[in-house]
Amino acid sequence: MRLLFDRNTWQEIFGSIGKNKVRTIITIVGVLWGIFIYIALSGAAKGMDNGFESMFESIARNSMFVWAQSTSIPHEGFKTGRQLQLKLEDAAMMENRIPELQYIAPRNVKGFFGSEPAIIGRKNKSGSYPVFGDFPVFTKIAPKKIYDGGRFINDEDIDQARKVAVIGERTQQELFEKDEDPIGGYIKIDDVYFQVIGVHKFDPSGGFGGDGDIFIPFATYKKLYNTGDNVGWFSIAAHDDVDVVKVEDNIKALLRNIHRVHPDDERAFGSFNLGEAFNRIIGFSKGITFLSLIVGIATILAGVIGIGNILLISVKERTKELGVRRALGATPREVRSQIILESVFLTMIAGIMGIILGAATLKLINSFTQDIDFPYTNPTVPIPYVLGALAIMVILGTLIGLIPAQRAVSIKPIDALREE
Amino acid sequence: MIEIKDLHKSYKMGSNSLHVLKGINFSVEEGELVAIMGSSGSGKSTLLNILGMLDEANSGEYTLDGVPIKDLNETKAAKYRNKFLGFVFQSFNLINYKNAMENVALPLYYQKMGRKERQEKALKYLGQVGLTEWATHLPNELSGGQKQRVAIARAMAAEPKVLLADEPTGALDSKTSYEVMDLIQKINDQGNTILVVTHEEDIAHMCKRIVHLKDGIIVKDEKVKQVRASEYV
């Protein structure tokens, strides 16, 4: 240990490394390349991971949509092809029967799925935007960022069927003046006046919904469009640790039961399982991360073996020098630790340079992908990975240095001196 | 200073064994300048290597400055070499990427001496061999004689009990050889014990005593009248 912290030791090592520049550079390049590949690959994988993650950030990861279609199997006297309609009370049933569910948000929309968007007017301006009838619970599943001063629909809005609306950024820009505060202002939705209570921030990174969406209380929507207890579709979020695929099956089985549909009628209810899709993508990006880890470590290994190889050759070249050193009183231990320290030191220098280069490359890639529509954000390599890589390099550098070091001391000084 | 009793050494060459030293008895007092002479194959280098603990005898006793040299492992040998012995080789054996001063300072490094002290001492010994101005030159920028003088400075820097020189003039022309011998004589004049292995008569006669080796035994051990190398320079 004393050896490690002795200035003299390091001066000897710097001397021998610094004065064999070609050898040093060639040695360094191998490991540098290895760690560079490792950092660049795992950083890029992480960037992709982050990209996917931010795509799904705006929506609960274990959520799904369920909607009604028409039957495909005759059942209980009903003919096939019967159009099904989800009802508000389905939500309560699901909540009671399926404990895995965390949130259920019944939703309606005008402006999607074939229906005409609502005409929204204000003073002399007008436009058409989709209008959603929603419960407050919807924001638990798909969080909406509301600009300061505003809010989303709350329970009282539902209870009193208030005529209030949360509008999108685009709607605000198109209907309001630049310096005008939209909160408290009035807009006309299909000829009915609504008070604006909030403006939601549009998240361009992904998720669902647009910058022109208007949200009004479900109860108000029901009155406005005379939809009764009809529900367009359910947005459902399951608890974090449950199997979303199984929950999806349970929900559809329950709905078939409620709506008197044949138990095997797969087409009666449609669903889209975000959780499952998300898991698949996460699995994919995990696979890529793993792959990059393996490739990176293998490349580092190859680089370190290269160092060992070159040191082995250089030990052969330096047999005489090492013999002289031993004639002058260097103990085998001192010779051995010099070779090992040279190996470790070279590995470390190469590693650190590789990390810096890799990080620079990642930054470059990041600045190129900033503005394009590609799931790639903030490519970073976690510090533990970097430290792990450095640790691997030190360990491998030591182990690989042992071979030339052992060779160096296995030659008797007398033979070393005789070598020409 | 050096006491050798009944020293034997043989090398295994395949199935044959080559008996190189066949019972050497020999002692050297402090301050002597001894030449070990013999034709090639006489065992002189082997003897010197055993004296220098670079090689080990098969049997016999070896005492250096009152310390019995036996049961050597590499670490122990390295420590003794560092403490007791200075080496001068025929092919100089300077480290080619270290400059003259660093070469001289190297044994001091293995004595765990601090860098500053090391350099001061190295410069002092370089001065003694007249190479102060060449301190920062690399070996390949030096002439053969200069290289050997650096090597001698390096051997002396550790302040050894005995200086062992293996054909120190073997690679040098006669003029340079005499310069080197002059240096060796001067060092001996300061009271240092020196053993020189050589096969050159004139070099041998610049020592105070000549030990003739033939086929692994000492055939003649004589004190001679020293020829001063400075007469030829």
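Trainee: Which residue stands opposite B:Ser10 in β2(B)?
Mentor: That's B:His19. Keep in mind that we're looking at a predicted model. Another cross-strand couple here is B:Lys12, whose bridge partner in β2(B) is B:Ser17.

Trainee: What makes β1 and β2 of chain B a pair?
Mentor: Count the bridges. Strands pair if DSSP finds at least two bridges between them. Strand β1 (residues 2-13) and strand β2 (residues 16-28) of chain B share ten bridges, in the antiparallel sense, so they pass that test. At the turn, the hairpin has two residues between the strands, and B:Gly14 takes a positive phi near 65°.

Trainee: Why are β2 and β5 of chain B called edge strands?
Mentor: Look at the order first: the open sheet of four strands runs β2-β1-β4-β5 (chain B), with antiparallel pairing. β2 and β5 (67-68) of chain B each pair on one side only, and that's what earns them the name.

Trainee: And what are the order and pairing of the open sheet of six strands in chain B?
Mentor: The order is β6-β7-β8-β3-β9-β10 (chain B), and the pairing is mixed. Its edge strands are β6 (85-88) and β10 (217-223) of chain B, each pairing on one side only. From one strand to the next, the twist averages 20°.

Trainee: How do you know that β6(B) and β7(B) pair, and in which sense do they run?
Mentor: Four bridges join β6(B) to strand β7 (residues 162-166) of chain B, and the two run parallel. Pairing needs at least two bridges, so four will do. B:Val88, for instance, stands opposite B:Ala165 in β7(B).

Trainee: Which helices lie on that sheet, and what would you call their directions?
Mentor: Helix α1 (residues 44-51) of chain B packs on the sheet, touching β3 (33-37), β7, β8 (193-198) and β9 (209-214) of chain B. Its direction makes about 150° with that of β8(B). Helix α5 (residues 144-157) of chain B lies across β6 and β7 of chain B, at about 170° to β6(B). Over 145 degrees counts as roughly antiparallel, so the label fits α1(B) against β8(B), and it fits α5(B) against β6(B) too.

Trainee: Over in chain A, why is α3(A) called oblique to α8(A)?
Mentor: The axes of helix α3 (residues 88-97) and helix α8 (residues 244-258) of chain A come within 11 Å and cross at roughly 130°. That angle lies between the perpendicular range, which ends at 115, and the antiparallel one, over 145, so α3(A) is oblique to α8(A). The crossing is right-handed.

Trainee: Which residues meet there, and of what classes?
Mentor: From α3(A) come A:Asp90, A:Met93, A:Met94 and A:Arg97; they meet A:Ile251, A:Leu254, A:Leu255 and A:Ile258 in α8(A). By class that's six nonpolar, no polar and two charged residues.

Trainee: What does UniProt place at residues 339-362 and 382-403 of chain A, and how helical are they?
Mentor: The unreviewed UniProt entry puts "transmembrane region" on both, among other stretches. Residues 339-362 of chain A are 100% helix, with end C-alpha atoms 34 Å apart. Residues 382-403 of chain A are 95% helix, with ends 32 Å apart.

Trainee: How many residues does each chain give to the contact between A and B?
Mentor: Chain A gives 22 and chain B gives 21. On the chain A side, α1 (7-18), α10 (319-327), α11 (332-369) and α13 (413-418) each supply at least two. By class, that side has eight nonpolar, six polar and eight charged residues.

Note on methods:
Residues numbered from 1 in each chain as written. Chains lettered and ligands numbered in written order. Predicted model: local features only at pLDDT ≥ 70, side-chain atom pairs only at ≥ 80, totals over all residues. Axes fitted to C-alpha atoms, helices over the stretch in contact; angles between N-to-C directions. Parallel < 35°, antiparallel > 145°, perpendicular 65-115°, else oblique. Left-handed = near helix turned anticlockwise from the far one by under 90°. Contact = placed C-beta atoms within 7 Å. Nonpolar A, V, L, I, M, F, W, Y, C, P; charged D, E, K, R; others polar. UniProt positions renumbered as here; feature names shortened; annotations may be inferred.
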